[in-house]
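Me: I would like to go through the charged pairs and a helix packing in this model, with the cut-offs stated as we go.

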Amino acid sequence: MKPMKPVFEEISEQLNAVKHGIQIIAVTKQVGVERTKEAIRAGICHLGENRPEGLSQKLEAIDESVSWHYIGNLQTRKVKDVINEIDYLHSLDRSSLAKEIQKRASNQVKCFVQVNVSGEESKSGIAPNETIDFIKSLEIYDKIQVVGLMTMAPNTTDELAIREAFKGLKSLQLQVSEKQWTHAPCTECSMGMSNDYLIAAQEGASFVRIGTALVGAESEAKR
Ligand SMILES: *Cc1c(COP(=O)(O)O)cnc(C)c1O
């Protein structure tokens with residue numbers, strides 16, 4: 001494994017050259033507790049996990065005050081285990097999930113609505129043309145604050161297609177924020193991963209979610 005600090009500094013510099021203030025979420029789903037602690041020592045203060053088990057493993061071992069992001073599909077029956085442990089949920093994508101959050105959250109939760117901008121069938125997320133109505137419908141839930149939108153780029157090396165998806169998310173985010181809904185300030189865009197974080201930054205990301213290019217990936221046995 002490469003020492004993390006120089007990698008973190010290099011990615012930070014690359015992002016800063018595009019725009020200041022982009023938050024880097026280190027996605028630690030493929031590494032263990034030690035590597036996660038190294039990330040914190042390197043100065044990383046946003047951590048992302050995509051499974052309830054991975055999240056609770058890290059929470060148990062880590063006392064430092066960092067922000068926890070849940071970035072994966074969240075099953076409705078798992079909401080109760082996760083929702084009061086995290087600072088941000090990046091995968092709000094259906095009414096049944098919103099309803100369960102309302103029922104289980106003890107405080108208001110900062111949520112990103114996940115949008116399937118590319119329309120790939122394998123991807124979760126709300127269709128772009130249903131996003132505004134969906135967000136409007138969330139106003140009845142006082143435990144949900146829509147801080148922004150999240151998307152995953154299409155599975156392709158076609159940079160133009162990736163860029164189009166990010167542009168699409170940014171434009172939707174602006175449409176929502178213009179409504180000035182109290183329950184949905186929607187000022188943030190969560191987009192960009194190891195292979196496309198620079199494109200995401202150029203298209204207006206405020207949070208990038210980086211796993212392998214930053215913290216790496218360990219074998220199952222080591223975790
Ligand atoms: C795993 C994951 C990432 C990070 O992916 P890398 O390609 O390793 O950077 C980002 N976002 C989500 C939703 C993920 O599941």
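What follows is a set of questions and answers on salt bridges and on one helix contact.

Me: What kind of model is this, and which pLDDT does a side-chain atom pair need?

Reply: Residues are numbered from 1 along each chain as its sequence is written, and side-chain values use heavy atoms, with hydrogens and water left out. This is a predicted model in which totals for chains, interfaces and linings use all residues, local features need pLDDT of at least 70, and side-chain atom pairs count only at pLDDT 80 or more.

Me: How many salt bridges does the rule give?

Reply: Side chains of opposite charge can pair when their charged atoms come close. A salt bridge is taken here as a side-chain nitrogen of Lys or Arg within 4 Å of a carboxyl oxygen of Asp or Glu. By this rule the count is twelve.

Me: Which residue forms a salt bridge with Arg-35?

Reply: Arg-35 is buried at 5% relative accessible area, where buried means under 20%, exposed over 50% and partly exposed in between, with a 1.4 Å probe and protein chains only. The partner lies three residues away, about one turn of helix H2 (residues 33–41), helices (H or I, at least four residues) and strands (E, at least two) being DSSP runs numbered from the N terminus. That partner is partly exposed at 23%, and with the closest N and O atoms 3.1 Å apart, it is Glu-38.

Me: How many residues apart in sequence are the parts that Lys-78 and Glu-53 tie together?

Reply: Glu-53, partly exposed at 40%, meets Arg-51 in a salt bridge at 3.8 Å, N to O, and Lys-78 in another at 3.7 Å. Lys-78 lies in the loop between strand E3 (67–70) and helix H4 (79–82), whereas Glu-53 belongs to helix H3 (residues 52–61), so the parts tied together are apart in sequence by 25 residues.

Me: At what angle do H2 and H3 pack?

Reply: Axes are lines fitted to C-alpha atoms, for helices over the stretch in contact, and angles run from 0 to 180 degrees between N-to-C directions. With their axes 10 Å apart, H2 and H3 pack at an angle of about 65°.

Me: Which residues of H2 and H3 make the contact?

Reply: Contact means heavy atoms within 4.5 Å. From H2 come Val-33, Thr-36 and Lys-37, and from H3 come Gln-57, Lys-58 and Ala-61.
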